[in-house]
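Work through the exercises below with the sequence and the model open. Each task is followed by a solution in steps.

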Amino acid sequence: MPKKITKNLEENIKNYEILFSDCADIKKRRIKVGTKLKRECYIAYIEVALNNTEWKESAIGKLLTTLRTLPEEELISYVKENTWDISDSTPFDTIEDAAQGMLTGDVIFFLEGYEKALKIPDLGYPGRGVYEVESEKVIRGSNEGFSESVKLNTALIRKRLRSPHVKVRESFAGKRTHTNVDLVYLKDLIHPEVLEEIEKRLQEFEIDGTLDSGIIEQLTERKKYSPFPQFQTTQRPDRAAMAILEGRIVLLSDNSPVALILPATYNSFIQTSDDYYSRWEIASFTRVLRYVASFLAMTFPGLYLAMTNFHTQILPTDLLLSLAASRQGVPFPAVIEVLLMELAFELLREAGVRLPGANGNTIGIVGGLIIGQAAVDANIVSPIVVIVVALTALCSFAVPNEEFATAFRILKFGFILVCGYLGFFGFLMGIMAVLIHLSHLESFGIPYLAPFVGADLNGYQDERDTFLRLPLKFLKKRSLYTREGARTRLKLK
């Protein structure tokens, strides 16, 4: 049972220190206050969360300085009525709530004769500030990225959306980590049932700890065996703000620089922030490239095997002779040849991620060149296979979202097997299976293939922002994510 805070300071201290026994990083101090120094108070804080070098200038320092100038009989009334003039403090009724308040990085204050504990904000936990995004590079637009602090990330969104309609709903996840989880949205744009659904899913599990938003993503998605993500991820505040303006909800988790955006569709994963900052011609051109790249990242090796193993008649004779000459002396079947090179490139990609700094990029480029050339010289693989595998890797890198690109990297191996043994029939079977799966997939009630399906639900307005991004003056309506009656985005005067 939670222990109530009483007016007896000694009892409160005893209960509090039982909770934090054997905690060398928790600092606890008894301090005399009042003009005659006859009344005692007690403060507790995490060692690095209080700026000891500027103690007198901190909120708790100013409070204690003021309390030493007051008569003992006025201390309690002052704390009750005027503490909020000094700092944004929060009162707690139980020892356990006070402990959780301190574990957010703030100072907890007890006063003899006062039946509550006060949480007084201070320096907080150490962490990185705003830094440049590494994984979502853009040609034009802000370079600010999310940090590990959920409060800072929320502020970065508010910096871009200065509207009182922006709401932040806070909850906690993790029985032991008690991680802050914030849902950020525009109240007048979202579908209320989507907000209710994500809140319901957050309450459906109880886990020891949620150290990153990826854990929340896996526990709340419905199609758990699908390779396609049902949340869009981003580390860019401007991308999150843009999603909120579309009527979507952004989930921020403390200690994670990756925000989750919901609902998500195939089309939303292809879009980038600078699609809307650049002119429509270049935005449309690059978006078509990404769509083609997402298709080839999954099917290109399989198509190569289908054409060379079963359907050579569709290739020009000169090209066919060139391919046959390049394969002379290769001891492996074409399927094994492609699988070996694909696995080698995936291994290089993984090694590049794990190596520190610039060494990662170096091992990916140099390793690919060396292994590819050495394999060709040793007649283990043919040169055309190296080209096919390299182009497939480039296509996967062209997909803007890493989690989305991973789905194509996994499906690629399925297409290699079915196309290598069934030709174009296997290719068509694979495409049909993927399309059927995508047509059954949804994210919080929105079809995954929207607006290619269900375009009539929004008067075919969403089709203006798919393969091609029309000029901004034609994008007057918000997408299907926004509730009806609030879909007007642009009015030309």
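A residue is called buried under 20% relative accessible area, exposed over 50% and partly exposed in between (1.4 Å probe, protein chains only). The model is predicted: local features need pLDDT of at least 70, side-chain atom pairs count only at pLDDT 80 or more, and totals for chains, interfaces and linings use all residues. Residues are numbered from 1 along each chain as its sequence is written, and side-chain values use heavy atoms, with hydrogens and water left out.

**Exercise 1.** Determine which residues of helix α16 are buried and which exposed residues its opposite face carries.

*Solution.* Step 1: locate the helix. Helices (H or I, at least four residues) and strands (E, at least two) are DSSP runs, numbered from the N terminus. Helix α16 covers residues 424-440.

Step 2: list the buried positions. In α16 these are Gly426, Phe427, Gly430, Ile431, Val434 and Leu438. They fall within an arc of 135° seen down the axis of α16, so they line one face of the helix; the arc is that of the directions from the helix axis to the C-beta atoms. As background, an α-helix has 3.6 residues a turn, so residues three or four places apart point the same way.

Step 3: turn to the face away from the buried side of α16. Phe425, Leu428 and His440 are the exposed residues there.

Step 4: find the packing partners. With contact taken as heavy atoms within 4.5 Å, the buried residues of α16 pack against α9 (266-270), α10 (280-309) and α15 (402-422).

**Exercise 2.** Classify the aromatic pair formed by Tyr266 and Phe408, and place both residues in the chain.

*Solution.* Step 1: apply the rule. Rings of Phe, Tyr and Trp (its six-membered ring) pair if their centres lie within 6.5 Å; planes under 30 degrees apart count as stacked, over 60 as edge-to-face and the rest as tilted. The count by this rule is 20 aromatic pairs.

Step 2: try a first example. Tyr16 and Phe20 have ring centres 5.2 Å apart and planes at 45°, so this pair is tilted.

Step 3: classify the pair in the task. Tyr266 and Phe408 lie 6.3 Å centre to centre with 70° between the planes, which is edge-to-face. Tyr266 belongs to helix α9 and Phe408 to helix α15, 142 residues apart. Both Tyr266 and Phe408 are buried.

Step 4: widen the view. Tyr266 and Phe408 belong to one aromatic cluster, whose members include Phe228, Phe269 and Tyr291.

Notes:
The expected span of a helix is 1.5 Å times one less than its number of residues.
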